[in-house]
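User: I am new to this structure and would like a close look at a single part of it, the pockets and the rings, taken slowly. Please explain any term that you need before you use it.

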Amino acid sequence: MTANKIEVARRTIMKSSYLVCLQGHNASTDCGCIDYRDSNVAYDIEEKYGYSPEEMFHASFYNARPEQFFKYYKQEMLEHTGTPGAGALALAQLEREGILKCVITREIFSLARRAGCKNVVELHGSVFQNMCSHCRRDYSLEYVKKAKGVPLCEKCHRPIRPQVCLVGEQVDNARVTRAAEEVEKADVLLLVCCSMNQRLVATHLKYFDGNKVILINPLEHYSDIRADIVIHGRAAEILPKIVNAKREDDEKQ
């Protein structure tokens with residue numbers, strides 16, 4: 001049954017004229033990134049630092065306790081940025097072949113971009129982008145990671161700000177607008193590592209006026225029925241099968 005669904009999904013993707021992918025935050029945990037939403041992770045971090053991860057990743061905590069913020073941020077977030085997996089690499093292959101037009105994601109570890117995707121809307125920013133809050137000078141993740149205490153700008157000695165959306169902050173409006181425009185252009189929407197009821201999908205589905213919604217997610221949810229094609233499985237296993245099947249078809253022709 002799954003094999004048939006994969007074939008139907010493959011044909012739908014290959015026939016699409018403007019394929020857009022919504023990549024859920026579960027993609028990051030699948031690739032070894034930290035997930036402070038996980039109750040076990042949250043418990044261990046609160047035991048270690050005296051604050052919950054959500055408290056420390058809050059904008060007010062960054063402003064009031066920058067030393068403690070960066071201690072947590074560098075030791076936990078930046079030490080677990082993960083590695084792009086087979087699913088992200090398959091998306092990059094689809095983009096190189098001109099099939100996938102855009103990836104929209106809320107994860108902050110740039111998995112799709114690091115895998116090779118070029119047109120990526122990172123709604124919540126990326127830990128790989130850091131900027132001086134005063135002079136706007138850019139700094140690498142490694143610079144922030146190696147800095148003692150609060151990382152400071154070499155030019156004006158002001159704190160460097162990770163370009164991520166902290167808890168309590170509004171998502172950048174330009175990114176929101178761009179994501180909506182991409183979804184509006186899509187004729188096929190590929191949902192990866194998320195369910196139909198999650199915020200990423202619910203927010204953007206209202207802009208979709210295309211033909212098909214394909215859902216690939218290991219967890220079943222009652223809202224799955226709203227998608228046209230549903231495959232319950234890991235994107236790291238399903239997406240490479242779609243890409244490899246296409247390659248085999250190309251070789252036969």
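Analyst: Strands, as the word is used here, are DSSP runs of type E with at least two residues, and they are numbered from the N terminus. This is a predicted model, and with that in mind we can begin at the second largest pocket, where strand S4 (125–132) and strand S6 (160–164) each supply at least two residues of the lining. That pocket has a volume of about 230 Å³, and among the 16 residues that line it, Gln163, Val164, Cys165, Asp172 and Arg175 lie nearest its centre. Sorted by class, its lining holds five nonpolar, six polar and five charged residues.

The largest pocket, for its part, encloses about 720 Å³ of space, and it is lined by 31 residues, of which Tyr36, Arg37, Arg106, His124 and Arg199 are the closest to its centre. Here helices take part: helix H2 (26–30) and helix H11 (199–205) each contribute at least two residues to the lining, and H11, with four residues, gives the largest share. The lining of this largest pocket consists of 13 nonpolar, 11 polar and seven charged residues.

Turning to the rings, the structure contains nine aromatic pairs. In one of them, the rings of tyrosine 62 and phenylalanine 69 have centres 5.1 Å apart and planes at 85°, so the pair is edge-to-face, since an angle over 60 degrees counts as such. Both partners are buried: tyrosine 62 has a relative accessibility of 11% and phenylalanine 69 one of 0%, where the limit for the term is under 20%.

Another of the pairs joins phenylalanine 70 and tyrosine 73, whose ring centres are 6.1 Å apart and whose planes stand at 90°, so this pair is edge-to-face as well. These two residues are three apart in helix H6 (residues 66–77), which means that about one helical turn separates them. Phenylalanine 70 is buried, with a relative accessible area of 0%, and tyrosine 73 likewise counts as buried at 0%. Ring pairs draw Phe57, Tyr62, Phe69, Phe70 and Tyr73 together into a cluster. Tyrosine 62 has a further contact of a different kind, because arginine 161 lies over the face of its ring, at 4.9 Å from the ring centre, and a charge is counted as sitting over a ring within 6 Å of that centre and within 35 degrees of the ring normal.

Conventions:
Residues are numbered from 1 along each chain as its sequence is written. This is a predicted model: local features need pLDDT of at least 70, side-chain atom pairs count only at pLDDT 80 or more; totals for chains, interfaces and linings use all residues. Side-chain values use heavy atoms; hydrogens and water are left out. Rings of Phe, Tyr and Trp (its six-membered ring) pair if their centres lie within 6.5 Å; planes under 30 degrees apart count as stacked, over 60 as edge-to-face and the rest as tilted. Buried means under 20% relative accessible area, exposed over 50%, partly exposed in between (1.4 Å probe, protein chains only). On a 1 Å grid over the protein atoms alone, a cavity is a set of points where a 1.4 Å probe fits but cannot get out, and a pocket is an open set with protein on both sides within 12 Å along at least five of seven lines; lining residues have an atom within 4 Å of a point. Grid points are joined across faces, edges and corners, and a volume is the space filled by probe spheres set on the points. Ala, Val, Leu, Ile, Met, Phe, Trp, Tyr, Cys and Pro count as nonpolar, Asp, Glu, Lys and Arg as charged, and the others, Gly among them, as polar.
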